[in-house]
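Grab a pencil and work through these exercises on the structure shown below. Try each task yourself before you read its solution.

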Amino acid sequence: MKQTYFTAGPAELYPTVYQHLQTAMDEQIGSISHRSARFRSLYQFCVEQLRELLTIPESHGIFFTGSASEVWERIMLNCVEHESFHLINGSFSKKFCEYATGVHKYTHKQEKPFGEGFDYGEIVVPDYAELIAVTHNETSSGVQMRPVDIHKLKRSNAKKLIAVDIVSSAPFPDLDFSLIDTAFFSVQKAFGLPAGLGVWIANEKCLEKAELLKHGDQHIGAHNNLPTLWKNFKTYETPATPNVLLIYLLGKIAQDFNRIGVETIRRETEEKAKMLYKFIESHPQFSPFVKEDRHRSRTVVVASTQKPSSEIISLAKDAGMVVGSGYGQFKDSQIRIANFPATDAGQVGRLIDVLAKA
Ligand SMILES: *Cc1c(COP(=O)(O)O)cnc(C)c1O
């Protein structure tokens, strides 16, 4: 049976992917040189669509990597000389921090129990931290940090760089990129594409820092370091052979999103999230794992289950819908439901109807 994927990534493909993939094949995108004019125009198109979608100013370059977790390492190598500061409230923010120690940075952390989120007022940023690492949407626990809090954090720490993981939420969060030095995502989450491409957005301050470190004999990495990416980006090229097919598809999906309008996508995301939370709050078999509404993710809804989650998951599966299990130790006691643009209110409604039978 054909399934609808409500998993947090890889996720349900955006409905137009099939058509774009067909066109890409017809146009032989898989064979074009990444040093050709065709590729340069395709990279440029993707950048223009992403700039419009996320309101990314010209001060920021847009680069391609293998995946989002690669960007964790690139940011630490290129934008931090000695010390970084991490807001940790789940497995992904924790891994971001582990990547920093992995490349020998000294890490400061502020941690929250699983299922709780950060507000601006309680964050204490250490003086010597050069960069603040924030995860907008913790895919493991279903916790979000509101853009208004992220913006305040940068405003009150103007001299530090801020890096925001928007992997499982973009294009949902309305971030003001004049305040965000660097952000990144993967295409297999809310953009509804197959996995295999990371997108790294970084401003000139990040580049300056990387140049400074490089000339100060610091190791900024040989592969996909920021000065090399930026130099190539100026002519819409890449240092190594990139995933041309996914860059093509991402440009097309971003264009589809722009045609709908990002405000509409954000409003629909809010509405579908409301449907899901209302349901799990009212049904005796479910309860929302994240207690504070302002911390509840709008793109990955986590519900605690009375029955073992495997029973709920197979109930949904029999009806043609795939929902995720809980993360790590919560595997058997929670389900995770992705609320991405690829699934519309009708599909979310049908999922709710099936879960209601639990
Ligand atoms: C999935 C995810 C990542 C890692 O993305 P990859 O594409 O697997 O590298 C990082 N951060 C968050 C919040 C994620 O959900």
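A polar contact here is a pair of N or O atoms within 3.5 Å. Keep that cut-off handy for the first exercise, and remember that this is a predicted model.

**Exercise 1. Around the ligand**

Task: Find out which residues come nearest to the ligand, and check the ligand's distances to Ala68, Asp165 and Gln188 against the cut-off.

Solution:
- Step 1: Look at the neighbours. There are 13 residues around the ligand, and Ser69, Thr139, Asp165, Ser186 and Lys189 come nearest.
- Step 2: Take Asp165. An N or O atom in the side chain of Asp165 sits 2.7 Å from a nitrogen atom of the ligand.
- Step 3: Go on to Gln188. Here an oxygen atom of the ligand is 2.9 Å from an N or O atom in the side chain.
- Step 4: Turn to Ala68. This time a polar backbone atom is involved, 3.3 Å from an oxygen atom of the ligand.
- Step 5: Compare with the cut-off. Each pair is within 3.5 Å, so the contacts to Ala68, Asp165 and Gln188 pass the test.
- Step 6: Ask about cover. On its own the ligand has 380 Å² of accessible area, and the protein covers 88% of that.

**Exercise 2. Hunting for disulfides**

Task: Work out how many disulfides the structure has, and why Cys79 is in none.

Solution:
- Step 1: Recall the rule. A disulfide needs two cysteine sulfur atoms within 2.5 Å.
- Step 2: Try Cys79. The nearest cysteine sulfur belongs to Cys206 and is 4.0 Å away, so Cys79 is in no disulfide.
- Step 3: Try Cys97. Its nearest cysteine sulfur is that of Cys79, 16 Å away, so Cys97 is in no disulfide either.
- Step 4: Count up. A search of the whole structure finds zero disulfides.
- Step 5: Check the surroundings. Cys79 is buried, with a relative accessible area of 0%, and Cys97 counts as buried at 4%.

**Exercise 3. Odd backbone spots**

Task: Locate the cis peptide bond at Pro10 and the one at Pro171, then look at the phi angles of His104 and Tyr236.

Solution:
- Step 1: Know what to expect. Most residues other than glycine have a negative phi, and most peptide bonds are trans.
- Step 2: Start with Pro10. A cis bond with omega of about 0 degrees joins Gly9 to Pro10, and Pro10 lies in the loop between strand E1 and helix H1.
- Step 3: Move to Pro171. The cis bond from Ala170 has an omega of about 10 degrees, and Pro171 is in the loop between strands E8 and E9.
- Step 4: Check His104. Phi is positive, near 65 degrees; His104 is in the loop between helix H4 and strand E4 and counts as exposed at 74% relative accessibility.
- Step 5: Finish with Tyr236. Phi is near 55 degrees, a positive value too, and Tyr236 is in the loop between helices H7 and H8.

**Exercise 4. A covered strand**

Task: Decide whether the faces of strand E12 are covered or open, and name a bridge partner on each neighbouring strand.

Solution:
- Step 1: Recall the pattern. In a regular strand the side chains alternate between the two faces of the sheet.
- Step 2: Sort the residues. Val300, Val302 and Ser304 are on one side, Val301, Ala303 and Thr305 on the other, and all are buried.
- Step 3: Conclude. Both faces of E12 are covered.
- Step 4: Find the partners. E11 pairs with E12 in the antiparallel sense over three bridges, with Ser287 opposite Ser304.
- Step 5: Do E14. Five bridges join E14 to E12, again antiparallel, and Val300 stands opposite Ala338.

Note on methods:
Residues are numbered from 1 along each chain as its sequence is written. This is a predicted model: local features need pLDDT of at least 70, side-chain atom pairs count only at pLDDT 80 or more; totals for chains, interfaces and linings use all residues. Side-chain values use heavy atoms; hydrogens and water are left out. Buried means under 20% relative accessible area, exposed over 50%, partly exposed in between (1.4 Å probe, protein chains only). Helices (H or I, at least four residues) and strands (E, at least two) are DSSP runs, numbered from the N terminus. Two strands pair if DSSP finds at least two bridges between them. A residue is near a molecule or strand if one of its heavy atoms lies within 4 Å of it. A polar contact is a pair of N or O atoms within 3.5 Å; within protein, one must be able to donate a hydrogen and the other to accept it, and residues adjacent in sequence count only if both atoms are side-chain atoms. Accessible areas come from the Shrake-Rupley method with a 1.4 Å probe; for residues, only the protein chains shown count as cover.
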